[in-house]
Each structure stands twice: as structure tokens, then as C-alpha cells.
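Here is a short set of exercises with worked solutions, for you to try with the viewer open. Have a go at each task before you read the steps below it.

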Amino acid sequence: MDHVLRTHKITKYFYDPEKFQVLKEIDLVVNKGEFLSLVGKSGCGKSTLLYVLSTMDTDYEGELEISGQRLTGKNQNALARFRNEHIGFVFQFHYLLPEFTALQNVMIPAQKLGRYTRSEIEERAYEKLKMLGMHEHALKPSAKLSGGQQQRVAIARGIINDPDIIMGDEPTGNLDSYNTGLVFEIFQELTHTYHQTIIAVTHDEAFAHKSDRIVEMSDGRIVHPGGVLLPKMQT
Ligand SMILES: Nc1ncnc2c1ncn2[C@@H]1O[C@H](COP(=O)(O)OP(=O)(O)OP(=O)(O)O)[C@@H](O)[C@H]1O
């Protein structure tokens with residue numbers, strides 16, 4: 001299976017105020033179409049790792065590669081372009097612009113990319129909202145939508161540029177169980193039907209257990225890489 005993301009010995013230190021190692025030689029390979037949950041006790045380094053994987057934090061040792069591109073050492077402008085084109089973000093707090101409509105919010109990353117005309121972008125945004133069952137709300141200001149509906153708009157915005165990988169930090173952290181289930185089903189459909197690749201940091205055990213692979217961290221290390229298929233025994 002093709003891999004989308006690969007790290008080699010990612011290591012990071014914080015100063016708090018003493019120097020401490022928050023990430024310890026993280027080796028991770030994420031394959032295309034995998035829906036991966038990143039779990040572990042509070043403070044073990046999950047968000048810090050996601051921040052490095054998403055290229056937003058460049059202060060680390062080791063190597064990061066996404067979609068065949070080595071990202072370690074690239075400058076901030078190149079990384080910003082890379083993120084907009086290749087990574088979709090879905091966070092606990094969705095940061096939609098409240099006075100913009102659902103459609104306008106979804107269009108933003110495609111407008112930044114500058115690859116499509118305005119009408120193409122509108123069409124794509126509408127199509128993504130439809131995929132998420134939100135097209136009937138396309139013209140409502142996002143402030144007038146419920147929390148679960150806003151999160152679906154945020155997912156549509158995250159996938160408008162057809163990213164190679166979606167990264168979520170507690171994507172269901174702010175939702176009730178009904179909407180958590182819905183977001184889970186959307187992620188599952190994105191991976192199983194559209195071969196989307198997803199990494200989500202989560203505290204929600206039920207959510208993690210329904211994903212395809214659970215990677216567990218403890219004290220800055222990956223202690224269970226999950227999803228490793230053992231070779232069949234020869235009989
Ligand atoms: N900017 C920072 N400066 C110093 N220490 C930090 C900083 N950010 C996080 N830490 C520390 O690094 C460790 C890992 O934090 P991180 O947020 O990655 O953990 P986490 O596993 O995501 O936790 P949670 O599940 O509670 O969100 C913690 O001990 C935290 O206090």
C-alpha cells in the first residue's frame with residue numbers, strides 16, 4: 001500500500017523552564033486510505049506531534065515526508081503553500097467566519113489556492129457541502145448553524161482542495177454523542193469510499209475504537225503503532 005506520510009526519528013524539546021524531551025524518536029508511516037486515531041494520556045505529546053506532522057511546527061529534529069515531498073527544512077512560505085494544497089484541517093474549534101455563509105467559509109482554502117475560477121470554486125464548495133448533507137444550509141451564515149452543522153461545514157472546508165491527508169485535533173471534542181457519531185460516519189465514508197487519509201487526535205475511546213488503526217503514545221513515544229499486519233504463518 002502507498003504511504004502518504006512518513007517520519008523518521010522525530011524528536012522535539014520544550015523548555016519549561018528546564019529542557020525536556022516531548023517527542024522521542026517518532027517513526028510513523030501512514031498509508032493511503034487509513035483512518036488513524038492518535039491516543040494517549042493527557043500530556044503525552046499527541047497535539048505536539050500533530051503540530052509537527054501538519055508542518056506548522058518546524059522546530060524539531062528528524063525527518064517528515066508527506067505525499068513524497070521532504071518537508072523538513074522548507075521555508076515557511078513553501079510550507080504554507082504545501083499545507084493549503086495537501087493538508088485538510090479539522091479542529092475541535094472550527095474557526096468558521098461567523099458572518100460568512102457556510103458556502104463562503106468552505107470556499108476560502110480554494111480561493112487561496114488560486115487554481116480554479118470563482119464559479120468552479122462555488123461548484124466544488126457546494127458539492128462538498130452536499131457530500132456532508134449540508135447543501136440546504138449553504139447560504140446561511142455559519143453563526144446560525146448548530147455546533148454539529150458547523151463542524152460539518154468545517155470538514156467540507158477541510159476537504160475542498162482534495163487534500164492528501166486530513167488532520168484533526170479533537171475533531172469531535174466539542175460535540176454531543178449524536179454529532180460525534182455523524183462526524184465519525186463522515187470520516188469513515190471519506191476513507192472507505194474516497195480513499196481519504198485521516199489522522200485524528202482523540203480522547204474519545206469509542207471514536208478511536210471505530211477507526212481503522214489506533215496509534216498509542218505514552219511519554220513522548222509511540223508505544224503501540226497499531227494496524228501492523230503480521231505476516232501469515234507458513235504451515
Ligand atoms: N509551548 C509549550 N512549552 C512548554 N511545554 C509545553 C508546550 N506545549 C506543551 N507543553 C508540554 O508538553 C507536553 C505535551 O503536550 P501536548 O499538548 O502535546 O500533550 P497532549 O497529549 O496533546 O495532551 P492533551 O491530551 O491534554 O491535549 C505536556 O507536558 C505539556 O505541558
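**Exercise 1. Find the handedness with which α3 passes α4, and classify the angle between the two helices.**

Step 1. Keep in mind that you are working on a predicted model. Select helix α4, residues 118-131, together with α3, and fit their axes: these come within 9 Å and cross at roughly 120 degrees.

Step 2. Angles over 145 degrees count as roughly antiparallel and 65 to 115 as roughly perpendicular, with oblique for what is left over. The helices α3 and α4 are therefore oblique to each other.

Step 3. Look along the crossing: α3 passes α4 in a right-handed way.

Step 4. Now list the contact. From α3 come A102, L103, V106, M107, A110 and Q111, and they meet I121, E122, R124, A125, Y126, K128 and L129 of α4. Sorted by class, this contact has nine nonpolar, one polar and three charged residues.

**Exercise 2. Describe how α5 packs against α3 and against α6.**

Step 1. Start with helix α3 (residues 102-113) and helix α5 (residues 147-159). Their axes are 7 Å apart, and the packing angle is about 30 degrees. Since angles under 35 degrees count as roughly parallel, α3 and α5 are therefore roughly parallel to each other.

Step 2. The crossing of α3 past α5 is right-handed. On the α3 side you find A102, N105, V106, I108 and P109, which meet V153, A156 and R157 in α5. The class count for the contact of α3 with α5 is six nonpolar, one polar and one charged.

Step 3. Turn to helix α6, residues 177-192. It packs with α5 at an angle of about 20 degrees, and the axes are 10 Å apart. The pair α5 and α6 is therefore roughly parallel as well.

Step 4. Here too the crossing, α5 past α6, is right-handed. G147, G148, Q151 and I155 in α5 meet N179, L182, V183 and I186 in α6. This contact of α5 with α6 divides into four nonpolar, four polar and no charged residues.

**Exercise 3. Work out the strand order of the six-stranded sheet and say which strands stand at its edges.**

Step 1. Trace the pairings: the open sheet runs β7-β8-β9-β4-β10-β11, and the pairing is mixed.

Step 2. Check the ends. β7 (87-91) and β11 (221-224) each have a single partner strand, so one side of each is left without a neighbour in the sheet. On average, neighbouring strands are turned by 25 degrees against each other, direction ignored.

Step 3. Inspect a parallel pair: strand β4 (residues 35-39) and strand β10 (residues 213-218) are joined by four bridges. L38 has V215 in β10 as its bridge partner. Helix α5 packs on this sheet, touching β7 and β8 (165-169), and its direction makes about 165 degrees with that of β7.

Step 4. Compare an antiparallel pair: three bridges join β10 to β11, and M217 has I222 in β11 as its bridge partner. The two strands form a hairpin with two residues between them, and D219 in the turn has a positive phi of about 50 degrees.

**Exercise 4. Locate the cis peptide bond and find where K9 lies.**

Step 1. Recall the background: most residues other than glycine have a negative phi, and most peptide bonds are trans.

Step 2. Scan omega. The bond joining D16 and P17 is cis, with omega about -10 degrees. P17 sits in the loop between β1 (3-15) and β2 (19-26).

Step 3. Scan phi. K9 is not a glycine, but its phi is positive, at about 50 degrees. K9 belongs to strand β1.

**Exercise 5. Which residues are around the ligand, and which helix gives the most to the shell?**

Step 1. Collect the shell: F14, D16, V22, G40, S42, G43, C44, G45, K46, S47 and T48.

Step 2. Assign the contributions: helix α1 (residues 46-53) gives the most, with three residues.

Step 3. Classify the shell: three residues are nonpolar, six polar and two charged.

Key
Residues are numbered from 1 along each chain as its sequence is written. This is a predicted model: local features need pLDDT of at least 70, side-chain atom pairs count only at pLDDT 80 or more; totals for chains, interfaces and linings use all residues. A residue is near a molecule or strand if its C-beta atom, placed from the backbone, lies within 6 Å of it. Ala, Val, Leu, Ile, Met, Phe, Trp, Tyr, Cys and Pro count as nonpolar, Asp, Glu, Lys and Arg as charged, and the others, Gly among them, as polar. Axes are lines fitted to C-alpha atoms, for helices over the stretch in contact, and angles run from 0 to 180 degrees between N-to-C directions. A crossing is left-handed if the near helix is turned anticlockwise from the far one by less than a right angle, and right-handed if clockwise. Two residues are in contact if their C-beta atoms, placed from the backbone, lie within 7 Å. Two strands pair if DSSP finds at least two bridges between them.
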